Amino acid sequence: MEGFLQKLKGLDAYPKVNEDFYKRTLSGGVVTVVASVVMLLLFVSETRSYFYSATETKLVVDTSRGERLRVNFDVTFPSVPCTLLSVDTMDISGEQHHDIRHDIEKRRLDAHGNVIEARKEGIGGAKIESPLQKHGGRLSKGEEYCGTCYGAEESDEQCCNSCEEVREAYKKKGWALTNPDLIDQCTREDFVERVKTQQGEGCNVHGFLDVSKVAGNFHFAPGKGFYESNINVPELSALEHGFNVVPTIYTDLRGRKIHSNQFSVTEHFRDGNIRPKPQPGVFFFYDFSPIKVIFTEENSSLLHYLTNLCAIVGGVFTVSGIIDSFIYHGQKALKKKMELGKYR
């Protein structure tokens, strides 16, 4: 047993030196203090890194199909009446929605930006109260309604039961609807009166849209009332915003995933006085990147943390020992030369 212990003693990689042979120097003390401060700073930094998570970024191809995207908006037009504004969407798949009213609220604003009235239903529908029939008389009880197109009918069977249908019939004929006050359908819808009432007002439009995740656009543009009202709207030339949307997933330390999007924006303004004259409105064009970004929060393992601490202590101790040895032997050599008279 004693022989085995002697052999084990011979494997000692850390032989001890008698304290009588130690020599402490001022330079060694300075190096020790500096090394201790460096080790302390590195220890604090590594500990903070251990307790705070790091974020790993990964890029993958977006293979999702048929998903929908909710677009929230809150836009104010200081000089455009709510009656004239409509919200439309369209995309490259052919899906189109015009004059969207659901999930959208319009707030009438006065010249100072104060809310006058808020409506969720947008422009109201036609009021069918004894409307004018195609044959010239008023609608009787039990009679089917067929409104006149005021000479713009394409066939004897055609009916125009709303102000919009009269406008479309005039448009197909190439005629201008210059006096909507005389159109029974427009009067019944109370549209002209509302346009006159809201002249000089602004409008705040807010809500959300549900669109397909394909390239497309949504826009705020003058609806049918703009072309019937003869109101000057200086604000609506053509303002275009382009969005490049990057699908993003963020996963926290607990494994919870947050599906979101990043985007970049470009802006383009087209003057309404140029030719050909652009359609007035505010347009938002969006396209989706085929690349998806995944952010994942991660914490370092305890073993990795302890390994780094050992590396800090051992590395600083070794480097400081080399520096101290260099200083000590340099001073010793210089002192010896001075004793031999080479340096005075």
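Lys58 stands opposite Ile294 of strand E12. This pair belongs to the ladder between strand E1, residues 54-61, and strand E12, residues 291-298, which run antiparallel and are joined by eight bridges. The model in which these strands are found is predicted.

Strand E12 also pairs with strand E9, here in the parallel sense and over four bridges. Within that ladder, Thr251 has Thr296 in E12 as its bridge partner. Strand E9, which spans residues 238-251, is in turn joined to strand E10, residues 257-270, by 14 bridges in an antiparallel arrangement. One of the bridge pairs there is formed by Leu239 and Phe269, the latter in E10. The two strands E9 and E10 make a hairpin with five residues between them, and in its turn Gly255 adopts a positive phi of about 85 degrees. Read together, these pairings lead from E1 to E12, from E12 to E9, and from E9 to E10.

These elements belong to a protein chain that holds seven helices and twelve strands. Of the 344 residues in the chain, 33% are buried. Among contacts with a sequence separation of 6 or more, 71% are between residues 24 or more positions apart.

The interior may be considered next. In soluble globular proteins, nonpolar side chains tend to be buried together. In this model, the largest nonpolar core comprises 22 residues, and those that touch the most other members are Phe73, Phe77, Ile104, Val205, Leu209, Phe218 and Phe220. Two or more residues of this core come from each of strand E2 (68-77), strand E3 (85-91), strand E7 (202-212), strand E8 (216-222) and strand E11 (281-288). The greatest contribution is that of E2, with five residues.

What does Val205 touch, when residues up to four places away in sequence are not counted? Its contacts are Phe73, Asp74, Val75, Leu85, Val87, Ile104, Glu105, Lys106 and Phe220. A second core, separate from the one described above, has ten residues, including Cys149, Cys160, Tyr170 and Leu177.

Attention now turns to the largest pocket, whose volume is about 590 Å³. Its lining consists of 18 residues, and Gly28, Gly29, Thr32, Gly321 and Asp324 lie nearest the centre. Helix H2 (26-51) and helix H7 (302-339) are the elements that give two or more residues to this lining. By residue class, the lining divides into seven nonpolar, eight polar and three charged residues.

Two backbone conformations remain to be described. Asp103 is not a glycine, yet its phi is positive, at about 60 degrees. This residue lies in the loop between strand E4 (96-97) and strand E5 (104-109). Is Asp103 buried, partly exposed or exposed? Its relative accessible area is 42%, so Asp103 counts as partly exposed.

Tyr150, likewise not a glycine, has a positive phi of about 55 degrees. The loop that contains Tyr150 runs between strand E6 (115-119) and helix H3 (163-173). With a relative accessibility of 25%, Tyr150 is partly exposed, because the buried class requires a value under 20%.

Terms used: Residues numbered from 1 in each chain as written. Predicted model: local features only at pLDDT ≥ 70, side-chain atom pairs only at ≥ 80, totals over all residues. Heavy atoms only, no water. 1 Å grid on protein atoms, 1.4 Å probe; cavity = no way out; pocket = protein on both sides within 12 Å on 5 of 7 lines; lining within 4 Å. Points joined across faces, edges and corners; volume = space filled by probe spheres on them. Nonpolar A, V, L, I, M, F, W, Y, C, P; charged D, E, K, R; others polar. Core = buried A, V, L, I, M, F, W, Y, C linked by side-chain atoms within 4.5 Å. Buried < 20%, exposed > 50% of the residue type's maximum accessible area, 1.4 Å probe, protein only. Contact = heavy atoms within 4.5 Å. Pairing = 2+ DSSP bridges.
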